[in-house]
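Reader: I should like to learn how individual features of a structural model are read. May we proceed one feature at a time?

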Amino acid sequence: MSVITDIDIAEPKRRRWAPGNVMWGVLSFAGGIGLWWLATASGASELPNPWSVLTRMIELGLDGQLWADMYASLRRVLIGFALGSLLAVPVGFLMGWYRLARVIIDPWIQFFRVIPPLAIIPLAIVTLGIDEKPKIFVIFLAAFLSAVVSTYQGVVSVDRTYINAARVLGARDRTIFLRVIIPASTPFILVGFRIGLGSAWATVVAAELIAAQSGLGFRMQQAQLYYDLPTIFVSLVAIGVLGLIMDRIVVRAEERLTHWQERV
């Protein structure tokens, strides 16, 4: 007589958005706010308290400045991230599927990966001007380098057993690529998208700190000149919220596209 344990029978599908998970997320957020308030109330930190940040956020929201800055930064991130990701996926597949393409392209990818996109901002400004082009370009570069490596790694990590089995069944290269390589690589691609989103937001803030007349990074720089800590925190919170929402969208897409994958 065998004993059935939790290990023997796995749940068919974990619900990331189950009420219990949401509750723990809310409690974690509330706990972080509570620790922040305690740190400021005890005098152990010179940071502004949560209430002053909330008040400043409402002020900036009512006069429209916060929404304008959020729109400017979000627009740059979306354009640069979309362009970088759309190019990274076919290039990553090309590198993973064809050895010659890998030999030619991979050294350039590794070369630019070790150069921080922030270091390219001055060059981009000199060559592309001071408008939106240099900002979008460095965001594009950051997103592209993150996604192309993940896509390439996804292709080369596909179990050869699946490919050989498909060949034995008479599948041609096109069918193997569409039915085996792409589905097996999808989790890697989406992980690259999530990493690329983080890189895109980090890059846009740095670009706006150097050369911009709008955006959350620009607003933080202006607030720094006047030691306006609540405004700096408002910008940080806005960046975190926007980044979290975009990350959850990618995670939701991952759950739908890789529903066949076992999850912990």
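Reader: With which residue does R248 form a salt bridge, and how far apart are the closest N and O atoms?

Author: The model is a predicted one. In it, R248 forms a salt bridge with D247, and the closest N and O atoms are 2.5 Å apart. The accessibility of each partner is then considered. R248 has a relative accessible area of 27% and is therefore partly exposed. D247, at 14%, falls under the 20% limit and so is buried.

Reader: How many salt bridges does a search of the whole structure find?

Author: The search finds nine salt bridges. One of them joins R75 and E132, with 3.7 Å between the closest N and O atoms. This pair connects distant parts of the chain, since R75 belongs to helix α3 and E132 to helix α6 (residues 132–156), 57 residues apart.

Reader: Which other arginine forms a salt bridge with E132?

Author: R76 does, with its closest N and O atoms 2.7 Å from those of E132. Here too distant parts of the chain are linked: R76 is in helix α3 and E132 in helix α6, 56 residues apart.

Reader: Are R75, R76 and E132 buried or exposed, or in between?

Author: R75 has 36% relative accessibility and counts as partly exposed. R76 has 2% and counts as buried. E132, with a relative accessible area of 26%, is partly exposed.

Reader: Which residues do salt bridges with shared partners join into one network?

Author: To return to the R248 bridge for a moment, its partner D247 is buried at 14%. As for the network, R75, R76, E132 and E208 are joined into one by salt bridges that share partners.

Reader: Let us turn to aromatic rings. How is a pair of them described?

Author: A pair of aromatic rings is described by the distance of the centres and the angle of the planes. A search of the whole structure finds eight aromatic pairs. One of them is F137 with F140: the ring centres are 6.3 Å apart and the planes are at 35°, so the pair is tilted.

Reader: Where do F137 and F140 lie with respect to each other in helix α6?

Author: They are three residues apart in helix α6, and so are separated by about one helical turn. F137 is partly exposed, with a relative accessible area of 34%, whereas F140 is buried at 18%.

Reader: What form does the aromatic pair of F140 and F144 take?

Author: The pair is stacked, with 6.0 Å from centre to centre and 20° between the planes. F140 and F144 are four residues apart in helix α6, which means that about one helical turn separates them. F144 counts as buried, at 10% relative accessibility.

Reader: Which residues form one aromatic cluster with W97?

Author: F93 and F177 form one aromatic cluster with W97.

Reader: Which residues make a nonpolar surface patch?

Author: A nonpolar patch of about 490 Å² on the surface is made by W51, L54, I58 and L62. W51 belongs to helix α2 (residues 50–62). With a relative accessible area of 63%, W51 is over the 50% limit and therefore exposed.

Reader: How should a buried position be read? Is T231 buried or exposed?

Author: One may take accessibility, then location, then contacts. T231 is buried, with a relative accessible area of 2%. T231 lies in helix α10 (residues 229–257). The side chain of T231 makes a polar contact with that of D228, at 2.5 Å. When neighbours within four places in sequence are left aside, T231 is in contact with R56, L60, R219 and A223.

Reader: Which residues of helix α9 are buried?

Author: In helix α9 (residues 216–225) the buried residues are L216, G217, F218, R219, M220 and A223. They pack against α3 (65–97), α8 (173–210) and α10.

Reader: What phi does Y227 take just after α9?

Author: Just after α9, Y227 takes a positive phi of about 55°.

Notes: Residues are numbered from 1 along each chain as its sequence is written. This is a predicted model: local features need pLDDT of at least 70, side-chain atom pairs count only at pLDDT 80 or more; totals for chains, interfaces and linings use all residues. Side-chain values use heavy atoms; hydrogens and water are left out. Helices (H or I, at least four residues) and strands (E, at least two) are DSSP runs, numbered from the N terminus. Buried means under 20% relative accessible area, exposed over 50%, partly exposed in between (1.4 Å probe, protein chains only). A polar contact is a pair of N or O atoms within 3.5 Å; within protein, one must be able to donate a hydrogen and the other to accept it, and residues adjacent in sequence count only if both atoms are side-chain atoms. Contact means heavy atoms within 4.5 Å. A salt bridge is a side-chain nitrogen of Lys or Arg within 4 Å of a carboxyl oxygen of Asp or Glu. Patches are made of residues with over 30% relative accessible area and no salt bridge: like charges are joined within 9 Å, nonpolar side chains (Val, Leu, Ile, Met, Phe, Trp, Tyr) within 5 Å. Accessible areas come from the Shrake-Rupley method with a 1.4 Å probe; for residues, only the protein chains shown count as cover. Rings of Phe, Tyr and Trp (its six-membered ring) pair if their centres lie within 6.5 Å; planes under 30 degrees apart count as stacked, over 60 as edge-to-face and the rest as tilted.
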